[in-house]
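Reader: I have a model open on my screen and would like to learn how to read it with some care. Could you take me through it, feature by feature?

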Protein chains: 2
Amino acid sequence: MPRPRTLTQDRLVAAAHAVVDREGLAGLSMRAVAKELGMSTMGLYRYVADRETLERLLVESLLDAVDTAPPPDDTPWRERVEEMVRRLRVAVSARPAVLPLTVTHRHHSPGVLRWSETVLTILDEAGFDGTRRVIALRALLGYVIGALQLEHLGPLAGPGTTTIAALPPADFPHLADTARHARDVTPDAEFFGGLAILLRGLAS
Amino acid sequence: MPRPRTLTQDRLVAAAHAVVDREGLAGLSMRAVAKELGMSTMGLYRYVADRETLERLLVESLLDAVDTAPPPDDTPWRERVEEMVRRLRVAVSARPAVLPLTVTHRHHSPGVLRWSETVLTILDEAGFDGTRRVIALRALLGYVIGALQLEHLGPLAGPGTTTIAALPPADFPHLADTARHARDVTPDAEFFGGLAILLRGLAS
DNA sequence: GCTTGTAGGCGTGTGCCGTACGCTGTCAAC
DNA sequence: GTTGACAGCGTACGGCACACGCCTACAAGC
């Protein structure tokens, strides 16, 4: 009977994403999102308890988009795990700016829970059980989280590597050599190369 | 000839660490550090360009403490890499509160550069070269960064896992089972278990 | 068709934050 | 004794998240 709501949660999250896309993560504030929606700052608090909740919604909107249906089981389990990891990476990489939020709010996301369940199912079918399966899942998650941050916060081809290349090669001979080779490694090759190492280790 | 400095960089960093230890990372502010030192807020800016520089110093003080001398080379290369990773983990885990800063400021740390150089030397002796060595190093770094965050921001025995255990087991059977087993896995076992998988993958 | 309860939205104010800028006080060199 | 370089301080500004109370649009009951 009272005045009807003027906003949906989707519109709110879309506005937040627009702000982040335009101004970066540092530009995300309640004020900025409110302005994006053409309403007053405090009006947002009718839809969201606090800033942290807004961040959580942002992350969930990303992770819920991940397809967590089991890949076709006529492929080897390692390829199926790789496919699951690939899907996660695609979703996260779509909005690298929110990656720091993804790391801190990951626990609350139903998308990640569904993803984990599917991966565990694959690992189960591959013969992993008990603590071995726990450790396998955590190792995969750990690698994905770390590698994605490495990729987006300290890219191989970015300033970090060029800084290294400018170091005194006498003190850091291998590092200098590695930086030179690093220029030839695409982010994809680096990420899936590392993943392949992990999967080989799981298999043996 | 002018008035002598009253502060050393060490005292400044120690004060910042004290604040973080007492109030957590969120309690770290220029005002708080200044109060800790008994001086005015703006006095700090004689020693530090801005807040980011202070954070960088905080991180560097941690990472420079890592022993980057090559481990004795009469042990297998995998054990030597494991030893290097262990040292890094010990240093970071000493102050888990600053872990988020460690991730973002890692590039600037000479300690990490020296660590990487040593690890590359070991990998070189183990026969890795070119892009294979690049990918191996990045995989190790990625795993370490991600696993440490998993360990300190979403601990196995923490609220995340108990939340999972309370989920409808019908929808998440493997996850529920995993959460039950997770209680028996110590952080050490989890971290080095995952690392062992990665090292096995590197060796094969 | 008027009244009234409910709930959406807004404005103001508080206490944080980082830091720009100009002043004051102290000391060593001359 | 004078001078000038520079450590340290105080004030002020523009941002932030958010508590709190007010106003107002609406639909149900009479």
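Author: We will go from the single chain to the pair of chains and then to one helix contact, keeping in mind that this is a predicted model.

Reader: What does the secondary structure of chain A come to, and what pattern does it follow along the sequence?

Author: Chain A comes to ten helices and zero strands, and read along the sequence it follows the pattern α-α-α-α-α-α-α-α-α-α. The C-alpha trace of chain A spans about 65 × 50 × 25 Å along its principal axes.

Reader: How much of chain A is buried, and what share of its contacts with a separation of 6 or more comes from residues 24 or more positions apart?

Author: Of the 204 residues in chain A, 38% are buried. Among contacts in chain A with a separation of 6 or more, 64% join residues that are 24 or more positions apart.

Reader: How should I think about the relation between the two chains?

Author: In general, two copies of a chain are related by a rotation about an axis and a shift along it. Here chain B is superposed on chain A by a rotation of 180° with 0.0 Å of shift along the axis, at an RMSD of 0.0 Å. That is the relation of a two-fold axis. The same surface serves both copies, since 100% of the contact residues of chain B recur in chain A.

Reader: How many residues does each chain give to the contact, and which helices of chain B supply them?

Author: Chain B and chain A give 48 residues each to the contact. On the side of chain B that touches chain A, at least two residues come from each of α5 (99-105), α6 (110-125), α7 (130-153), α9 (173-182) and α10 (187-203) of chain B. The largest share of that side, 18 residues, comes from α7(B). Sorted by class, the side of chain B that touches chain A has 22 nonpolar, 18 polar and eight charged residues.

Reader: At what angle do α9 of chain A and α7(B) pack, and how far apart are their axes?

Author: Helix α9 of chain A, residues 173-182, packs against α7(B) at an angle of about 100°, and their axes are 9 Å apart. An angle from 65 to 115 degrees counts as roughly perpendicular, so α9(A) is roughly perpendicular to α7(B).

Reader: Which residues meet there, and how do they divide by class?

Author: From α9(A), residues T178(A), H181(A) and A182(A) meet G130(B), T131(B), R133(B), V134(B) and L137(B) of α7(B). By class, this contact of α9(A) with α7(B) has three nonpolar, four polar and one charged residues.

Notes:
Residues are numbered from 1 along each chain as its sequence is written. Chains are lettered from A and ligands numbered from 1 in the order in which they are written. This is a predicted model: local features need pLDDT of at least 70, side-chain atom pairs count only at pLDDT 80 or more; totals for chains, interfaces and linings use all residues. Copies are superposed by least squares on the C-alpha atoms of residues with pLDDT of at least 70 in both. Two residues are in contact if their C-beta atoms, placed from the backbone, lie within 7 Å. Helices (H or I, at least four residues) and strands (E, at least two) are DSSP runs, numbered from the N terminus. Ala, Val, Leu, Ile, Met, Phe, Trp, Tyr, Cys and Pro count as nonpolar, Asp, Glu, Lys and Arg as charged, and the others, Gly among them, as polar. Axes are lines fitted to C-alpha atoms, for helices over the stretch in contact, and angles run from 0 to 180 degrees between N-to-C directions. Angles under 35 degrees count as roughly parallel, over 145 as roughly antiparallel, 65 to 115 as roughly perpendicular and the rest as oblique. A residue is buried if 20 or more other C-beta atoms lie within 10 Å of its own, exposed if 12 or fewer, and partly exposed in between; C-beta atoms are placed from the backbone.
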